[in-house]
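Colleague: Please take me through one part of this model at close range. I would like the strand pairing, piece by piece.

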Amino acid sequence: MKEYLAGTYTNTGSQGLYRFALENGHFTHPDLIWRVEMPKYAASSNAGIVVLTSRGTRSGVILLNVLGKVKDEILFENRSACYVGMDHEHVYTANYHTGVCADLKIISGMLHLRHKIELGEEAGCHQVLVHGDELYIPCLCQDRIAVFDKNTYVECGTIVFPEGTGPRHGVFTKDGRMLYIVGERSCKLYTIDAQSHDIIQVNAISCAGAPSAVRLSDDETMLYTAVRGTGKITVFRLQDRLPRKAKVIPTPGKCPQDLILCEGGILCADKEQGKVYWLDEDGKVLDEVLVPGASSICEI
């Protein structure tokens, strides 16, 4: 049995953070494990589970154990972030509205705010990727990835994209040599040499829509991109680490906000449909579960 969390937008009828499982070829009924405002994104590591949260005019992160019990909460922003990720005991958030990325650390079961990286309200920060001793921050509205030293927080590099790209989310290969990132506005996939920061290949994802998520298969032979507005998942096969479009998988809705890969297929969260779908590699719906405002999926 595999268990998952679904982050949600609570202005769509959701009541908070939901947990469900894949067991014996079917989804279990989703359980509301924490009633909270706008838990849009969640992440997990051996240090625990972190979830974005809002309370009135304040926003931040909550820390849960695997049973869903809250261990700590920290509110440090006036606008809700759009992304949270983990690197062991480190927690990173990205705030699209304020252009602020935060580094927090879990110490003795408590969340501690270590530093804020301020890139400006015009940055449109959408993710924080850890790469060795560096942090890669896609800045959607600046058409660049800002690179910072993970320890000193000094900006040490930048990857510039053509105007109108809108870099949103990316994924590194396991050895850290290659970075694949989707352009929300250009609807293209960019392959980047992580050492030289050169863009070495550009692939069209779709002729319409806005890519929202990108995932790399565990064997690093396939790359999956969800495209909002089209209801499609575009799949690339990697040959010598360079993507070649392999197929397009239809989804039941029009807004696949997030996806993760699982045994036997793909889990896809559709915010407008308010469901998480389990699809096979051809787009056949193997099962579905109702999660209002589903915006992200996290395996726990």
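Modeller: Three bridges link strand 13 to strand 14, residues 134-139, and the two run antiparallel. One pair to look at is Leu-129, whose bridge partner in strand 14 is Tyr-136. Keep in mind that this is a predicted model. Both strands belong to an open sheet of four, ordered 13-14-15-16, with antiparallel pairing. Strand 13 (129-131) and strand 16 (155-160) are the edge strands, and each pairs on one side only. Neighbouring strands here are turned by 25 degrees against each other on average, direction ignored.

Now go to the sheet with the order 5-6-7-8. It is open, has four strands and pairs antiparallel. Its edges are strand 5 (42-45) and strand 8 (70-77); each has a single partner strand, so one side of each is left without a neighbour in the sheet. From one strand to the next, the twist averages 25 degrees.

Look closer at strand 8. Six bridges join it to strand 7, residues 58-64, and the two run antiparallel. Within this pairing, Val-61 stands opposite Ile-74 of strand 8.

Leu-75 also lies in strand 8. How exposed is Leu-75? Its relative accessible area is 30%, so Leu-75 counts as partly exposed, a class that runs between the 20% and 50% cut-offs. Leaving aside neighbours within four places in sequence, Leu-75 is in contact with Thr-53, Arg-55, Arg-58, Ser-59 and Gly-60. Thr-57 sits 18 residues from Leu-75 along the chain, and their C-alpha atoms are separated by 9.8 Å.

Key:
Residues numbered from 1 in each chain as written. Predicted model: local features only at pLDDT ≥ 70, side-chain atom pairs only at ≥ 80, totals over all residues. Heavy atoms only, no water. Pairing = 2+ DSSP bridges. Axes fitted to C-alpha atoms, helices over the stretch in contact; angles between N-to-C directions. Buried < 20%, exposed > 50% of the residue type's maximum accessible area, 1.4 Å probe, protein only. Contact = heavy atoms within 4.5 Å.
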